[in-house]
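Grab a pencil and open the viewer: here are some exercises on strands and how they pair up. Try each one before you read its solution.

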Amino acid sequence: MSLAAGVAHTLALKSAGTVRSWGDNTYGGLGNGTFNSSTTPVTVSGLTGVLGLFGGNGDSLALLTDGTVKSWGYNNLGQLGNATISNTGTPTPGAVSGLTGVVGLAGGRFHGLALKADGTVRSWGDNY
């Protein structure tokens with residue numbers, strides 16, 4: 001089990017490769033299909049085989065065992081990496097576009113970073 005802390009939400013990776021989250025959910029960063037905040041852990045929808053997590057400013061990222069990355073939550077500057085922008089957020093996990101072979105994951109306030117198996121790094125989101 002491991003934890004990742006966002007600005008106002010927390011993610012917990014369980015030993016079975018599933019994820020629970022709690023805290024502010026204004027933009028869907030808890031990933032449970034709602035925009036309702038929670039003081040107790042809720043299950044992130046549809047995630048299995050998770051290896052690593054990142055919590056951002058209302059957004060969340062998960063690295064999966066197949067080397068892909070899922071994202072959900074706030075997406076005002078493209079931090080979900082799905083070629084969209086949304087001020088309302090995305091409350092369920094979706095794929096980061098065109099990203100495979102990932103072995104490491106990180107991020108910042110409004111961006112995501114992925115280390116690929118070939119040693120290259122991909123980034124998306126705010127470039128400020």
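**Exercise 1.** Work out whether the two faces of strand S6 are covered or open.

*Solution.* This is a predicted model, so let's see what it shows for S6. Start with one side: Asp59, Leu61 and Leu63 are all buried there. Now flip to the other side, where Ser60, Ala62 and Leu64 are buried too. Both faces are covered. "Buried" here means under 20% relative accessible area. Since 6 of the 6 residues of S6 (residues 59–64) are buried, the strand is largely enclosed by the rest of the structure.

**Exercise 2.** Find which residues stand opposite Ala62 in S5 and in S7.

*Solution.* Take S5 (residues 50–55) to begin with: 5 bridges join it to S6, and the two run antiparallel. Across from Ala62 you'll find Leu53. Next, S6 is joined to S7 (residues 69–75) by 5 bridges, again antiparallel. There, the bridge partner of Ala62 is Lys70.

**Exercise 3.** Look at the turns on either end of S6: which glycines have a positive phi?

*Solution.* The hairpin of S5 and S6 has 3 residues between the strands, and Gly58 takes a positive phi near 90°. The hairpin of S6 and S7 has 4 residues in between, with Gly67 in the turn at a positive phi of about 85°.

**Exercise 4.** Explain why S1 and S4 each have a side without a neighbour in their sheet.

*Solution.* Write down the order: S1-S2-S3-S4, an open antiparallel sheet. S1 (2–5) and S4 (38–43) stand at the edges with a single partner strand each, so one side of each has no neighbour in the sheet. The twist averages 20° from one strand to the next.

Conventions. Residues numbered from 1 in each chain as written. Predicted model: local features only at pLDDT ≥ 70, side-chain atom pairs only at ≥ 80, totals over all residues. Heavy atoms only, no water. Pairing = 2+ DSSP bridges. Axes fitted to C-alpha atoms, helices over the stretch in contact; angles between N-to-C directions. Buried < 20%, exposed > 50% of the residue type's maximum accessible area, 1.4 Å probe, protein only.
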